[in-house]
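Colleague: I've got a few labels here that I'd like to understand before I use them. Can you walk me through how each one was earned?

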Amino acid sequence: MTTPAYPPKPVPGDRVAVLSPSAALPGILPLPYELGLERLRKEYGLEPVEYPATRRMGSTPQERADDIHAAFADPGIKAVMASIGGDDQITVLPLLDRELIRANPKPFFGYSDNTNLLAYLWNTGIVGYHGASVMCELGRPGAMDPLTAESVRAALLTSGEYELRPAERWRDVDRDWADPATFASEPKTRPGTGWTWVNADRVVEGRSWGGCVEILAWLLMADREIPRDLSVHDGGVLFLETTEELPSGEEVFRVLRSMGERGLLRRFSALLMGRAKTWSFESPNSPEEGARYAAEQREAVLRAMEAYAPDTTIVFDVDLGHTDPQIVIPYGGVIRVDGPARRITVTY
């Protein structure tokens, strides 16, 4: 295993691949997808290149692996972006050519089910980027959130340090992507609550690993892309977040407990816990119900960390993952967590 390295970044005018390594939702929900492509062109100056399975619902794992290979092997493609997540990308991983991808490193952007590919890239020696899917962040109704747009620009087009800051306003209530009226105005937001720090008496700087809790649970069960030598994570920064499926606090605890039993949690010196998604179309929680759900998740995380890594610095409600605005997190890149100064800095 090699230490992940940052691949070269695109510059305005370059071509970037847009793939659906999981669900090809652009095929049935084109409005946010087309809007995301337009913003890639107009706001970032990049030319998106679509691949055969990007809009093909029901595409096979092999067809999606073929798209990934084609995008990484093409020297004219300077970055790779996922259209959205899904739930079966784990079936694509065994079909990937690690040497082909290692020989052609490129920035990959995605999250949720794309945690699979990000973990794969980590083990291939390539820093990836957790966030910035075409449909969700770039295709946001009305306009991209300024905090998201700024983070995406820094992660996609520049290199170097970038300081995170808490969102002044946020939201996690969605609207119907099939309804054109959804895109006529921006979604409603509510005031931010800042970050909550635990064991914030030290400065931690290390390489990041983690992603979506549910996907990490599947990787653990399938025994895929979890390093055998866990010492590679010593002193690192773990970051976690949960999806719109709203796993219960007890389920989150059990996943973290399993990570603790595996010996993972104690390896990391800091944990960034993403703001919990508290609303979905299946569970349209009121703000009060959502707050209770988030509190239950926080208690579950604290319970697991107290059992397996009680001295770890923890920051709750970081704007990463399934939330809006969303900050892109380098996967395998360097993160500095300064507890005394209450600052988080990532290196893109």
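**Where the labels come from**

Modeller: Sure, and keep in mind that this is a predicted model. Let's start on the surface, where Asp 87, Glu 244, Glu 245, Glu 251 and Glu 282 gather in a patch of negative charge.

Colleague: What makes the charge of that patch negative?

Modeller: Asp and Glu count as negative, and the patch consists of Asp 87, Glu 244, Glu 245, Glu 251 and Glu 282, so the label follows.

Colleague: Take Glu 282, then. Where does it lie, and why is it called exposed?

Modeller: Glu 282 lies in the loop between strand S12 (268–274) and helix H9 (287–308). Its relative accessible area is 69%, and exposed means over 50%, so Glu 282 gets that name.

Colleague: And why is Asp 317 called buried?

Modeller: Buried means under 20%; Asp 317, in strand S13, has a relative accessible area of 14%, so it counts as buried. Asp 317 also has a positive phi of about 65 degrees, although it isn't a glycine.

Colleague: What about Arg 342: why does it count as partly exposed?

Modeller: Its relative accessibility is 44%. Partly exposed sits between the 20% and 50% cut-offs, so Arg 342 fits there. Arg 342 is in the loop between strand S15 (334–338) and strand S16 (343–347), and has a positive phi of about 55 degrees without being a glycine.

Colleague: Last one: which residues does a cis peptide bond join?

Modeller: Asp 324 and Pro 325, with omega at about 5 degrees. You'll find Pro 325 in the loop between strand S13 (313–318) and strand S14 (329–331).

Methods:
Residues numbered from 1 in each chain as written. Predicted model: local features only at pLDDT ≥ 70, side-chain atom pairs only at ≥ 80, totals over all residues. Heavy atoms only, no water. Patch = residues over 30% accessible without salt bridge, like charges linked within 9 Å, V, L, I, M, F, W, Y side chains within 5 Å. Areas by Shrake-Rupley, 256 points an atom, 1.4 Å probe, with all protein chains shown as cover. Salt bridge = Lys/Arg side-chain N within 4 Å of Asp/Glu carboxyl O. Charge placed at Lys NZ, Arg CZ, Asp CG, Glu CD. Helix = DSSP H or I, 4+ residues; strand = E, 2+ residues; numbered from the N terminus. Buried < 20%, exposed > 50% of the residue type's maximum accessible area, 1.4 Å probe, protein only.
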